[in-house]
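Colleague: Please take one part of this model and go through it slowly, starting from the strand that carries a cis peptide bond. Then place that part among the cores, sheets and pockets around it.

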Amino acid sequence: MGLHRISRVDLAVPDVEASSAFFTEFGLEPTGPGRFATRDAGEQLVLTAARHRGLRELVLAAEEDDDLARAARALAAAGLPADVTDGGLATVEPATGVRVALEVTGPVVAPAPPEVFPNAPGRVLRRDEPAAAVVVDGPVRPSNLTHLVLGTPDLDASLRFFCDVLGFRISDQVPGVIAFTRCGDVHHQVALQQAPGTILHHLAFEVDGVDDVARGGTRMIDADAGRHLWGLGRHAIGSNWFWYLREPGGHYVEYAADVDRVDAQEDYRPGDWSGHDVLYAFGPPPPLEFLEPVDAGELLAAQAE
Ligand SMILES: [Fe+2]
């Protein structure tokens with residue numbers, strides 16, 4: 001019972017065609033103009049033309065109709081709107097102004113990834129053949145849209161909305177800076193970051209393993225080196241491998257793999273994050289632009305209009 005994953009996001013981008021070309025090369029499957037499916041979770045990305053980039057709508061997947069009824073009651077109790085839509089209900093997150101919709105949608109149904117046979121001192125699993133990852137061809141196919149990181153001008157208020165009203169739980173946090181929240185078992189699905197305004201920092205798509213993170217990132221920057229932002233590295237918080245790219249609209253887009261799953265919060269032992277572990281466990285140092293997107297000033301000025 002309950003919400004369990006991101007179903008879909010609607011992104012505002014200044015040039016739908018340019019962003020569409022990026023996401024197609026990234027490995028998503030076009031399903032219509034400005035619409036994209038992941039390999040295992042159906043249509044998960046919609047691009048809408050707008051002057052400024054950003055998150056227009058976050059659609060969350062509920063398991064059953066009762067979850068929608070429960071959410072409607074919780075929204076009413078919090079004094080928030082709960083508009084009935086075609087597929088469920090929709091409201092507005094009060095701190096960021098982002099539209100958040102809920103609809104009944106199934107889980108990510110992913111095939112088991114191909115077995116890998118890594119060699120290591122003391123354990124040789126592969127002889128007389130190269131590693132499959134270096135001979136495989138074709139684009140990486142992201143399994144699902146696994147998380148997003150949203151900057152909010154009021155972290156506490158956004159946490160009240162996602163946790164107290166919608167039932168998200170905090171897996172990990174750096175208090176006052178960023179909170180990694182989940183509604184299913186994936187360590188973070190919506191991470192909320194204190195920011196001077198509403199800024200979508202990045203979207204992350206889950207792939208089968210670190211080889212696909214590295215292969216996907218390399219293919220994308222082979223085609224256009226200007227897309228590279230940060231990678232290959234591994235986060236400490238949530239453990240995922242990452243490679244961040246820059247899409248033409250200005251959003252950051254991540255290939256992610258091997259993210260923690262959390263069933264019992266009491267058994268999960270988050271670290272006491274400090275130093276660069278807040279950002280990453282290992283990899284190259286992050287560019288300044290990762291910490292402060294170059295268009296942040298422009299986006300904040302537009303919000304103040
Ligand atoms: Fe991420």
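Modeller: What follows starts with one strand and its partner, then moves out to the rest of the model.

The model is predicted: local features need pLDDT of at least 70 and side-chain atom pairs count only at pLDDT 80 or more, while totals for chains, interfaces and linings use all residues. Residues are numbered from 1 along each chain as its sequence is written, and side-chain values use heavy atoms, with hydrogens and water left out.

The strand in question is β14, residues 228-234. Helices (H or I, at least four residues) and strands (E, at least two) are DSSP runs, numbered from the N terminus. Five of the seven residues of β14 are buried, so the strand is largely enclosed by the rest of the structure. Buried means under 20% relative accessible area, exposed over 50%, and partly exposed in between, with a 1.4 Å probe and protein chains only.

The partner of β14 is strand β15, residues 241-246; the two run antiparallel and are joined by five bridges. Two strands pair if DSSP finds at least two bridges between them. Opposite G231 stands W243 in β15. G231 has a second entry here: the peptide bond that joins G231 and L232 is cis, with omega about -10 degrees. L232 is itself in β14.

Between β14 and β15, which form a hairpin, there are six residues. G238, in the turn, has a positive phi of about 90 degrees. S239 also lies in the loop between the two strands, and its phi is near 70 degrees, which is positive in a residue other than glycine. Most residues other than glycine have a negative phi, and most peptide bonds are trans. Another positive phi in a residue other than glycine, near 60 degrees, belongs to D258. D258 sits in the loop between β16 (252-257) and α6, and its relative accessible area of 46% makes it partly exposed.

Another loop residue to look at is R53, found between β4 and β5 (54-62). R53 counts as buried because its relative accessibility is 8%. In sequence R53 is 39 residues from P14, yet their C-alpha atoms are 6.4 Å apart in space. Contact means heavy atoms within 4.5 Å. Leaving aside neighbours within four places in sequence, R53 is in contact with A12, I199, L200, G249, G250, H251, P293, D295 and L299.

The strands β4 and β5, on either side of the R53 loop, are both members of an open, eight-stranded sheet. Its order is β2-β3-β4-β1-β5-β8-β7-β6, and its pairing is mixed. β2 (29-32) and β6 (83-84) are at the edges with a single partner strand each, so one side of each has no neighbour in the sheet. Further in, strand β1 (residues 3-13) pairs with β4 (residues 42-49) in the parallel sense, over five bridges. L11 has L47 in β4 as its bridge partner.

Now the cores. A nonpolar core is a set of buried Ala, Val, Leu, Ile, Met, Phe, Trp, Tyr and Cys residues joined through side-chain atoms within 4.5 Å. The largest has 52 residues, and F23, L148 and L166 touch the most other members. Helix α4 (residues 155-165) gives the largest share of this core, six residues. Apart from neighbours within four places in sequence, L166 is in contact with L3, L60, V100, L102 and F161. A second, separate core has eight residues, among them V149, I178, A191 and W273.

I178 comes up again in a pocket. On a 1 Å grid over the protein atoms alone, a pocket is an open set of points where a 1.4 Å probe fits, with protein on both sides within 12 Å along at least five of seven lines; lining residues have an atom within 4 Å of a point. Volume is the space filled by probe spheres set on the points. The second largest pocket holds about 540 Å³ of space. It is lined by 26 residues, and those closest to its centre are I178, Q193, H201, L279 and F290. Among the elements that give two or more residues to this lining are β11 (178-182), β12 (190-194) and α6 (288-291).

The largest pocket holds about 660 Å³. Its lining has 25 residues, with P114, V116, A132, A133 and D211 nearest the centre. Both α3 (132-135) and α5 (210-223) supply at least two residues of that lining, and α5 gives the most, four.
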